[in-house]
Structures are given as structure tokens and as C-alpha cells.
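User: I work at the bench and would like to learn how to read a structure like this one. Could you take me through its features, one by one?

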Protein chains: 2
Amino acid sequence: MRIAIDAMGGDHAPGEIIAGALEARDVLGSEEELVLIGDEAIINMHLNRLGATTGEFRIFHAPDVIGMDESPVEALRRKKKSSIAIMAHAASHRQVDAVLSAGNTGACVAACQLRMRNLTGVLRPGIAVVFPTVSGPVTICDVGANIACRPINLYQYAVMSSVYASNMLNIENPRVGLMNIGEEDAKGNELVKKTREFLKSDPKINYIGNLEGRDIFQGKCDVVVCEGFLGNVILKMTESLVDMIFTAIGSEMKSQNLLMAWWFKKIAKDVLKKYDYHEYGGALLLGVNGVSVICHGSSKARTIKNAILACKKYADKQINETIVERLSQTTVKANGQ
Amino acid sequence: MRIAIDAMGGDHAPGEIIAGALEARDVLGSEEELVLIGDEAIINMHLNRLGATTGEFRIFHAPDVIGMDESPVEALRRKKKSSIAIMAHAASHRQVDAVLSAGNTGACVAACQLRMRNLTGVLRPGIAVVFPTVSGPVTICDVGANIACRPINLYQYAVMSSVYASNMLNIENPRVGLMNIGEEDAKGNELVKKTREFLKSDPKINYIGNLEGRDIFQGKCDVVVCEGFLGNVILKMTESLVDMIFTAIGSEMKSQNLLMAWWFKKIAKDVLKKYDYHEYGGALLLGVNGVSVICHGSSKARTIKNAILACKKYADKQINETIVERLSQTTVKANGQ
């Protein structure tokens with residue numbers, strides 16, 4: 001398997017990205033080829049610094065970089081030789097089987113959607129992320145690939161995320177919930193009402209019904225299906241709310257007892273480690289023909305290593321093949337929905 | 001001013017509700033009349049128990065109650081003599097100026113929307129809640145009154161929430177943000193794109209641009225405008241995520257040091273008190289002709305008292321009058337949007 005890594009993308013690129021690739025290299029077999037994409041001279045400099053042997057990695061030279069804050073579509077149009085553009089191009093020409101970036105998320109998703117074809121039967125790819133909760137990991141799809149969502153898209157997200165959760169997270173017969181504003185069947189807008197019909201009609205989906213916002217973190221389900229606008233807000237909000245709460249507790253402790261505050265820093269670290277999404281490596285762009293992993297901009301070497309290993313697991317478990325098979329068997333058809 | 005209180009609604013009804021009404025009674029002037037709605041015998045029993053003087057409250061007898069988990073629309077159809085139905089009926093016949101319930105939220109909102117007319121110029125009411133954040137209170141509208149939202153509705157939520165935040169929370173020229181999936185102008189679906197045009201064209205709105213999920217808790221804005229489906233998920237999710245984090249920290253502390261864990265309970269209480277939405281009494285159904293406050297189901301006496309005082313402040317500050325005036329002056333017109 002050939003896994004391409006955007007060496008230039010992310011807050012800690014290229015140093016941490018390349019270090020992560022090296023860590024992954026140490027545990028992968030020889031049948032896995034890691035391809036670093038970025039400025040060749042810079043990559044080689046970092047490889048030397050990290051003590052890597054020449055030839056351990058293949059390098060695809062990309063002289064340009066898309067910045068974290070650039071407008072995705074415009075940047076992709078202008079920077080044809082950026083690491084993300086060249087990475088997606090390599091995937092579309094089957095020069096690599098998997099791609100991975102901690103760079104500009106919008107640009108990475110757009111490039112993969114544009115360049116990599118969809119899996120047979122998939123109408124729109126969706127981004128799946130794993131939320132670690134007290135009751136175990138919860139997969140949410142879509143968190144922003146598709147903001148013009150139709151019922152058939154949501155249905156396909158349910159199928160793809162189920163296959164993902166059962167294979168990547170070892171959850172048997174994952175419980176799938178549909179994000180809504182209330183639990184009753186009659187609740188919701190047209191999108192969720194029609195999606196519910198689709199979900200109910202597929203016996204292979206373990207559909208448990210509507211979810212409310214509070215259910216994500218309460219162990220009620222393993223997979224949450226929602227449209228991308230909503231999922232995107234959920235994802236970003238969760239991160240910042242967690243930050244705010246730890247900050248609030250930290251300052252309260254500081255104002256009451258400095259020793260306790262110092263000790264709380266350790267506790268906070270331990271808790272965050274327990275519910276650390278970096279463990280999962282990154283988000284998956286489900287539905288493209290290949291493997292596309294989007295890492296958090298703050299990713300360090302460990303996350304990149306985990307993301308690379310996730311690419312291999314994803315391929316080994318034949319998740320794409322299973323998705324195609326499941327979609328070929330379903331009786332649910334779009335009919336304009 | 002006549003304020004009606006649903007004595008039967010909420011997890012701690014009627015005891016805590018009636019106790020809250022008594023607390024409010026103690027600080028309100030004689031020109032405010034409090035009306036308790038519910039089973040007269042039960043209300044009187046509680047009033048006696050709490051040592052209230054007979055005649056201190058007017059009572060509207062309502063023999064029936066809508067349960068917290070009942071389907072709102074169906075329950076309203078069946079239970080014409082429920083406290084919520086009778087409360088909304090009283091408001092629609094101008095027997096009371098404000099209504100307040102900690103009961104079935106869906107039923108309360110539906111009854112108020114159905115019975116109370118809209119303010120002149122308002123097309124759809126929206127629910128505004130105040131989130132206490134590290135950087136101060138943030139008002140979010142709509143959190144679930146309207147799940148078929150048009151740009152003109154979102155624009156009106158911005159107008160109403162601005163008036164609300166400046167008068168109820170004393171925020172001068174509140175900064176209004178539009179919930180979106182990215183900061184750039186070009187981001188988002190048709191709903192937010194058109195809404196943005198509306199917001200930009202009204203010089204009286206201090207529109208600061210798009211928000212991402214992470215911005216709610218980071219002091220970037222005072223008012224967040226979003227459609228009700230999204231707002232509902234945000235609201236419910238926030239509550240349960242806060243719970244989860246405190247639980248996670250608590251168990252980690254317990255596993256490391258029992259004394260610290262005990263001490264953390266106190267800290268947790270102090271923090272939650274600082275960011276306590278009960279302070280704000282409840283959510284406002286903005287846009288109805290009158291005052292409609294929806295309290296959390298878990299409300300105890302203090303929250304009910306604060307909610308009753310909020311009704312008075314809302315009327316004193318002439319928020320509805322200001323909203324009507326602002327909407328009469330705007331050049332933004334629906335034109336089918």
C-alpha cells in the first residue's frame with residue numbers, strides 16, 4: 001500500500017509531520033510505501049536532521065503550500081503545485097492508495113472530492129470524526145463535506161459510518177441515531193423525516209431512532225448521522241467548549257488554592273489523554289475511491305503516526321469494498337431525494 | 001403587570017414553582033399581579049404549606065397537566081384544560097401580560113405561538129437563550145421555535161436578539177454573528193448567504209460576520225443567530241457536554257486522590273454557579289405579542305423567581321415596543337425570502 005503524506009500541512013509542519021511518518025515507518029512492514037509530499041529540499045533536510053536513511057521515503061516534490069487560513073477553492077485554483085493539489089493529483093492517478101493531510105481542511109476535502117472519484121454507488125462523500133466519550137467512541141458523519149444534504153446522502157452516511165465503526169472501532173452492530181430536535185418520530189424537518197424512512201427500511205442498519213443534542217455524549221449510540229453544516233458546528237463547538245470548561249475550572253482553582261491548581265493541571269492532562277481524539281489519527285473522508293484522512297491542524301508526530309496506521313487498517317479491513325457491497329445490496333434508492 | 005405562572009410544569013412542580021412565585025412576590029411592587037395556573041386545590045395546599053396569605057395570588061384553575069414527555073401538539077389537542085393551554089388562552093385574551101412555564105417546552109412554545117399573536121412586523125417568533133461564557137453572556141436565537149427558517153426570519157432574530165441583549169444584559173451595541181461553517185464571506189448554504197446580505201444592509205445591527213462553532217465560547221460576539229434545528233442541538237449538546245466533562249474530571253480525581261475529589265466537588269459547584277444559566281431565569285420566546293418565558297424543566301424556586309423578575313424587566317425596558325419600532329424602520333423586506 002502506498003500512503004501519501006502532506007509534509008507541508010499543519011501548524012507543526014513539516015517537522016512533526018515528517019517525525020510522525022518516521023514513527024509510522026518503524027512499525028509498518030516493507031509492503032507499505034510512505035510518500036512525502038512537499039518541498040524536496042526541506043523534506044530532505046528534516047529527514048537528515050531526524051536521522052532517516054536516504055531512500056526510506058519516496059518524495060513527490062511540491063514547491064508550494066496552501067496556508068491554513070487561505071480560501072480553499074481559490075487557493076486550489078491558484079496553487080496547482082501545492083502539496084495538497086499534488087497529493088490529490090497523485091491519488092487520482094492511482095500513484096498512491098491513501099492520502100493524509102493536517103493542512104487546510106477545506107482545501108484538502110475539496111481537492112479529494114474533486115480529484116478522487118466516489119466509490120461505486122456513493123453520491124456524496126462525508127467526513128466522519130470519532131468523538132471519544134465517557135461511554136466510548138462515537139462516530140459522527142458528516143462534519144462539513146456536504147452542506148446541501150439530501151436524504152439519500154444522510155442514508156449513505158449511515159451505511160458508511162456503520163461499516164467504519166464496526167471495522168475501525170470494533171463495535172459490533174453499531175447503533176445509528178439521526179440527529180434531530182426531539183425523540184419522537186414526528187419531530188424534525190423534511191430532511192430527517194425522509195431520511196428516517198430510508199434508515200428504517202434497511203434491515204442492515206441498526207437504527208435506534210432520533211437523537212437530541214444531549215445524546216451524543218451519553219452513550220446512547222455509536223454513530224450519529226447529521227448534515228454537514230450541523231456536524232461542522234458540533235465539531236468545532238465541542239472543542240472550544242471543552243477548552244472553556246478546563247480554563248474556567250483552572251482559574252477557579254487558582255483563585256482558591258495554588259497547590260490544588262497545580263495539581264489540577266496534571267489531572268486535566270490525564271483526562272484529556274483519556275478522551276484524546278488524536279488517538280484516532282484523524283477524520284475520514286468516507287465515500288471517495290481510496291483512503292483520505294484529514295488530520296487536525298494541531299497534529300503532532302503521534303497523531304500523524306496514528307493517522308498513517310489508520311490508513312493501513314482502513315485498507316486491511318476492506319472498508320471501501322464493504323461499503324460498495326452494502327450499497328449495491330440496498331433497496332433504498334434516491335428517487336430524487 | 002399581570003404575570004401568569006404555570007404552577008404544574010417542571011420536574012419540581014408545583015412545590016418549587018410556587019415557592020419561586022412567593023420569592024418573587026416579596027420583591028415585586030403591588031402593581032404586579034402574579035397569577036398561578038394549575039389545580040386550585042393543590043396550589044392552595046402548597047400556598048398554605050409555604051405560609052402564604054390567602055389572596056396574595058390569583059389562581060386560574062386548570063385541572064389537567066401536560067407531562068414533560070408528552071408529544072406537544074397531540075397533548076395540546078387532547079388537554080384543553082391543561083395549565084399550559086389555559087395559560088396561553090389567558091394570554092391571548094389579554095387577561096395576563098406575561099406567561100412563564102418550566103413544563104413541556106414544546107407544548108409551551110406551540111401554545112404561545114398558536115395563541116399569542118406575533119408582534120407587528122414579526123414573521124416567526126424565535127427562542128433566545130443566554131449562554132454564560134468565560135467572556136460574558138452570549139444570546140443565541142433561535143434554539144428550536146422554527147425549523148423551517150427563511151433568511152428574513154434569521155434577520156429578524158438578529159434584530160430581536162440585539163434589542164434583547166442590549167436591554168436585558170446591558171450590552172451596548174451587541175456584536176451579532178451568523179453561525180456558519182467558516183469565517184469567509186463565501187462560506188455557507190443559501191440560507192446564511194442571503195441572511196448575510198440582510199444583516200449587512202441594516203446599519204443598526206452591529207454585524208461582525210460569520211461565526212464558527214468554536215466562536216460561541218470565545219468572546220467573539222454577544223449574539224449568535226442560527227436556525228432553530230441547529231440552535232436546538234447546540235443548546236442540548238452544551239448542557240450534556242458540560243455534564244460529561246465534570247463527570248470525567250470527578251472520576252479521574254477519585255481514582256487518584258479522594259481528598260482532592262471531595263474538594264473538587266466544591267470547586268465544580270463554584271464554577272457552575274459562576275456560569276449558571278438559572279441566573280437568567282429562562283429562555284424568551286421573542287416575537288410574540290406579550291412576554292413568554294420558557295424555563296428549564298429542572299428549575300427550582302430561585303430560577304422561577306429570576307424568570308418572573310425577568311418578565312417585569314422585559315416589560316419595563318419596553319423591549320417589544322423597541323422591536324416593533326426597529327422592524328418598522330428597516331429597509332429589509334422578505335420578498336419571498
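User: Let me start with a helix: which strands of chain B does helix α6 lie across?

Analyst: Happy to help, and please keep in mind that this is a predicted model. A good habit is to ask what a helix packs on and which way it runs. Helix α6 of chain B, residues 151–168, lies across β5, β6, β7 (175–179), β9 (223–225) and β10 of chain B. Its direction makes about 165 degrees with β9(B).

User: What does helix α5 of chain B lie across?

Analyst: Helix α5(B), residues 105–115, lies across β4 (98–101), β5, β10 (283–286) and β11 (291–294) of chain B. The helix runs at about 170 degrees to β11(B).

User: Those strands must be arranged somehow. In what order do the strands of the sheet in chain B come?

Analyst: The trick is to read a sheet from one side to the other, not along the sequence. In chain B, 11 strands form an open sheet in the order β3-β2-β1-β4-β11-β10-β5-β6-β9-β7-β8, and the pairing is mixed. At the edges stand β3 (58–61) and β8 (206–211) of chain B, each with a single partner strand, so one side of each has no neighbour in the sheet. On average, neighbouring strands of this sheet are turned by 25 degrees against each other, direction ignored.

User: Can we zoom in on one pair? In which sense do β5 and β6 of chain B pair, parallel or antiparallel?

Analyst: They are antiparallel: β5(B), residues 126–133, and β6(B), residues 136–141, pair over 6 bridges. The two strands form a hairpin with 2 residues between them. To follow the pairing residue by residue, find Val130(B), which stands opposite Thr139(B) in β6(B). Then look at Ala128(B), whose bridge partner in β6(B) is Cys141(B). While you are looking at strands, here is a general tip: in a regular strand the side chains alternate between the two faces of the sheet.

User: How many bridges join β6 to β9 in chain B?

Analyst: There are 3 bridges between β6(B) and β9(B), and these strands run parallel. One spot to check is Ile140(B), whose bridge partner in β9(B) is Val224(B).

User: Now for chain A. How many helices and strands are there in chain A?

Analyst: Chain A has 11 helices and 11 strands. To judge how a chain is packed overall, you can set its radius of gyration against a rule for globules. For chain A the radius is 20 Å, close to the 20 Å that the globule rule gives for 337 residues, so chain A is as compact as a globular protein of that length. Its C-alpha atoms fill a box of roughly 60 × 60 × 40 Å along the principal axes.

User: Into which domains is chain A divided?

Analyst: When you meet a domain, check whether it is built from one stretch of sequence or from several. Domain 1 of chain A takes 1–122 + 287–316, while domain 2 takes 123–278. The centres of the two domains are 26 Å apart, taken over C-alpha atoms. At their contact, 12 residues of domain 1 of chain A meet 10 residues of domain 2 of chain A. On the domain 1 side, the elements that give two or more residues are α5 (105–115) and α10 (301–316) of chain A. α10(A) gives the most, with 5 residues.

User: How are chain A and chain B related to each other?

Analyst: In general, two copies of a chain are related by a rotation about an axis and a shift along it. Here chain B can be laid on chain A with an RMSD of 0.0 Å by a turn of 180 degrees and a shift of 0.0 Å along the axis. The copies are therefore related as by a two-fold rotation axis. In chain B, the C-alpha nearest that axis belongs to Leu230(B), at 3.0 Å from it. The same surface serves both copies, as 100% of the contact residues of chain B recur in chain A.

User: Which element gives the most residues to the side of chain B that touches chain A?

Analyst: Start with the whole contact, which takes 46 residues from chain B and 46 residues from chain A. On the chain B side, α8 (228–256) and α9 (258–274) are the elements that give two or more residues. α8(B) gives the most, with 21 residues. By class, that side has 26 nonpolar, 13 polar and 7 charged residues.

Key: Residues are numbered from 1 along each chain as its sequence is written. Chains are lettered from A and ligands numbered from 1 in the order in which they are written. This is a predicted model: local features need pLDDT of at least 70, side-chain atom pairs count only at pLDDT 80 or more; totals for chains, interfaces and linings use all residues. Two strands pair if DSSP finds at least two bridges between them. Helices (H or I, at least four residues) and strands (E, at least two) are DSSP runs, numbered from the N terminus. Axes are lines fitted to C-alpha atoms, for helices over the stretch in contact, and angles run from 0 to 180 degrees between N-to-C directions. Two residues are in contact if their C-beta atoms, placed from the backbone, lie within 7 Å. Copies are superposed by least squares on the C-alpha atoms of residues with pLDDT of at least 70 in both. Domain bounds come from an automatic or database domain assignment. The radius of gyration is taken over C-alpha atoms; the globule rule is 2.2 Å times the number of residues to the power 0.38. Ala, Val, Leu, Ile, Met, Phe, Trp, Tyr, Cys and Pro count as nonpolar, Asp, Glu, Lys and Arg as charged, and the others, Gly among them, as polar.
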